[in-house]
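The following exercises concern the reading of a single structural model. Each consists of a task and a solution that proceeds step by step.

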Amino acid sequence: MSRFTRAALCAAILLAPAVAMAADLLPVENFARHPPLSMPRLSPDGKYLAVRWDDGSSHALVVYKVDDMSQPASMLRMPKYELPAGITWVSPTRLVVEKGKEFGSIDKPVSTGEIIATDVDGKHQDYLYGYEVRYSSRAATRGTDRGWGTVDGLPERTNGHFYMAAMPWDSPDHSYLYDVDAEANTRHLVGDIGEGDMSFMVGADGQAHYAYGRNEDFDYVVYHRQDGHWQRLTPQQIGGTFGPIDFTPDHQRIYAMYDAGGGPASLVEQDETGASRQVLAAAAFGNIGGIEWTALPRQPFATIPDTGLPQLTYIDPNLPAAKLHRALSQKFPGQYVHFIDYSEDGGQLLFSVTSDRNPGSYMLIDTHTYKVRKLFDAAPWIDPAKMAERRPLHFTASDGTELEAILTLPPGRSETNLPMVLLPHGGPIGVSDDWFYDDDAQFLANRGYLVLQVNYRGSGGRGEDFKEAGYLKWGTRIQEDLIDGVKWAIAQHYADPGRICVYGGSFGGYSAMMTVIRAPDMFKCAVGYAGVYDLKMMYKKGDIRASKSGRSYLTTVIGRNDAELDANSPDKLADKISVPVLLIHGEDDQRAPFAQAKAMRAALEAAHKPYEWMSKPGEGHGFYDEKNRVDFYNALQAFLEKHIGKGA
């Protein structure tokens, strides 16, 4: 069926409901609100559910009885801007929480390196690790506890203990692994290595078998412990990708992500030495992404790719967990069923159901009776039936490289000659857009705009070579990939070439300025949100430069040549911008400091270029306050309507 025949057929089928659907303009608040509950974790006995709670201004750890979700059993409120970044049950009655800070709506919460513990009823709270050691029950003997701590694993069956990786501030070139008793707040060392910022994989013997991660020089390294000594794997042993995950149920082999030459990573099973490697799941275009696991003893039974639709591959379709997953998937067609947590006896299973139109529903199933109980919706005000389809597609860039695009198609409209917004993702390195629900894309589609997202070179999900192809190419090849995506959307008659704007946040804000500089006749307007506009400034201001690893990252991905940095900085090229610009920024942004936006504004003024401006005090990297988010979306909509008209 031709592109035009398919579009005509879709239009004919949808003609009657299209009028109603197109007129169903949803309140902007629907897209600006924060999910009140997120990150659910089931207790080992299956009786309690711990979640991150958000009322729009503060966060808490909240515990519910699964038999009564109407009222919390306990609540641990967090200081302003702080939140539970990780929740781990270490016994049926005790939880461990990794603290984080919310610096804005664009980035994920940043761990503070602090770990606290609480009983299920909110009592017996204790400070296990971090710089606020004075709150610890062991404060008298923990004066040197100043560093970064993370939960790095659990014993196979919970016993009140967990494994903690720690990197002291005064020894940033060292990583330690402790077995921590979360009840008594005691610990003993089970592994250490003279390399900073390492994660560990622990065996059934309670000892660290692998240490891996990016060191301070931004090099990815893997160490294997043999005969009581750490042995660094050679580049040949690591290949393009090697990341240990867990031991097999018999503890004789391991599961890992691996690719020999820098292409998409596969899920493999192998000996610890790397011998007898067996590929369990692979995808040709992208990495293996999500992995579905059985109850104890854990083993993977299915995977989905990092790119395209989340099409499941069952490793062993005869496993009971695989059969259950397939049955549940049939109950929720067009959605992805993800197994999150089991009770230790396997009798209770917490799972989620998500899609491009559903932000997430969370349910509990009794694996003996198969009775399913809905616990909560992530965003109960979102009606999936009124949301837009997100369609992953491929196109060929100007140099012949195959790239992924994701189109979000406004509901009830024809699929041809639509006003379009190019929406570049942030990062850029190792980040990618996917098929799942996206607030920005859904808001714009609800307003009648086609949304184009491109996983350009440098994006994650397609292997190390593809990611590294974006190094030192921020203002060149990456922007060409985005522009090639727009050309493809025009050639396929999805987009009206006379009604295209670009909007992006963080690196996407940078790209919003750079694409209109590189392709001055393609766009009618550009919106930069929390963007970076002066590459040299990244070495002088902002939180990335604060650590050696951050500085190594900058040197690797943007370089140190001042002339090249200026040649790829929008504030140095403002005279080449020929379209109206909207700049939006948080005045307390630490990732892309407010000075970035002010530099871009000054450059536009000096070049006598038209621009509009919005800034908000107290906001970080992307607006968090819901009122400010509403203002932002309203300003974005008004700006687009002014320059490319109302949506279709």
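**Exercise 1. Aromatic residues**

Identify the members of the aromatic cluster that contains F31, and then characterise the pairs W148–W169 and F395–W488 in this predicted model.

Solution.

Step 1. One aromatic cluster is made up of F31, F443, Y503, Y529, F623, F632 and Y633.

Step 2. Over the whole structure, the search returns 28 aromatic pairs. W148 and W169 form one of them, with 6.5 Å from centre to centre and 65° between the planes. Planes over 60 degrees apart count as edge-to-face, and the W148–W169 pair is edge-to-face.

Step 3. W148 belongs to strand β9 (residues 147–153), while W169 sits in the loop between β10 (161–168) and β11 (175–181), so the pair ties together parts that are 21 residues apart in sequence. W148 counts as partly exposed at 38% relative accessibility, and W169 counts as partly exposed at 43%.

Step 4. For F395 and W488 the ring centres are 5.5 Å apart and the planes stand at 20°, so this pair is stacked. F395 is part of strand β28 (residues 389–396) and W488 is part of helix α7 (residues 477–491), so the pair ties together parts that are 93 residues apart in sequence. Both F395 and W488 are buried.

**Exercise 2. Nonpolar cores**

Which residues have the most contacts inside the largest nonpolar core, and which helix supplies the largest share of this core?

Solution.

Step 1. The largest nonpolar core contains 60 residues, and those with the most contacts inside it are L452, W474, M513, F523, I558 and I577.

Step 2. Helix α8 (residues 507–518) supplies the largest share of this core, namely seven residues.

Step 3. A second, separate core has 32 residues, among them V28, L423, Y503 and L636.

Step 4. Leaving aside residues up to four places away in sequence, L452 touches A405, I406, L407, M420, V421, L422, L423, G485, V486, W488 and A489.

**Exercise 3. The second largest pocket**

Determine the volume of the second largest pocket and the make-up of its lining.

Solution.

Step 1. The volume of the second largest pocket is about 410 Å³. Its lining comprises 21 residues, of which K80, Y81, G618, E619 and Y624 are the closest to the centre.

Step 2. Helix α12 (residues 626–644) gives the most to this lining, with three residues.

Step 3. Sorted by class, the lining of the second largest pocket has four nonpolar, nine polar and eight charged residues.

**Exercise 4. Enclosed cavities**

How many cavities of 30 Å³ or more are there, and which residues line them?

Solution.

Step 1. The count gives two cavities of 30 Å³ or more.

Step 2. The largest cavity holds about 60 Å³ of space. Its lining consists of E102, F103, G104, D107, K108, V110, D543, R591 and H621, which divide into two nonpolar, two polar and five charged residues.

Step 3. The second largest cavity holds about 30 Å³. M538, K541, G542, D543, I544, R591, P593 and Q596 line it, and by class they are three nonpolar, two polar and three charged.

Step 4. Reading the two linings together, D543 and R591 appear in both.

**Exercise 5. Backbone features in loops**

Where are the cis peptide bonds at P297 and P428, and where are the positive phi angles of S276 and S506?

Solution.

Step 1. The bond from L296 to P297 is cis, with omega near -5°. P297 is placed in the loop between β21 (288–293) and β22 (300–305).

Step 2. The bond from G427 to P428 is also cis, with omega near 0°. P428 is in the loop between β30 (418–422) and α5 (439–446).

Step 3. S276, although not a glycine, has a positive phi of about 55°. The loop between β19 (266–270) and β20 (278–281) contains S276.

Step 4. S506, likewise not a glycine, has a positive phi of about 65°. S506 lies in the loop between β32 (495–505) and α8. Buried means under 20% relative accessible area; at 9%, S506 counts as buried.

Conventions: Residues are numbered from 1 along each chain as its sequence is written. This is a predicted model: local features need pLDDT of at least 70, side-chain atom pairs count only at pLDDT 80 or more; totals for chains, interfaces and linings use all residues. Side-chain values use heavy atoms; hydrogens and water are left out. On a 1 Å grid over the protein atoms alone, a cavity is a set of points where a 1.4 Å probe fits but cannot get out, and a pocket is an open set with protein on both sides within 12 Å along at least five of seven lines; lining residues have an atom within 4 Å of a point. Grid points are joined across faces, edges and corners, and a volume is the space filled by probe spheres set on the points. Helices (H or I, at least four residues) and strands (E, at least two) are DSSP runs, numbered from the N terminus. Ala, Val, Leu, Ile, Met, Phe, Trp, Tyr, Cys and Pro count as nonpolar, Asp, Glu, Lys and Arg as charged, and the others, Gly among them, as polar. A nonpolar core is a set of buried Ala, Val, Leu, Ile, Met, Phe, Trp, Tyr and Cys residues joined through side-chain atoms within 4.5 Å. Buried means under 20% relative accessible area, exposed over 50%, partly exposed in between (1.4 Å probe, protein chains only). Contact means heavy atoms within 4.5 Å. Rings of Phe, Tyr and Trp (its six-membered ring) pair if their centres lie within 6.5 Å; planes under 30 degrees apart count as stacked, over 60 as edge-to-face and the rest as tilted.
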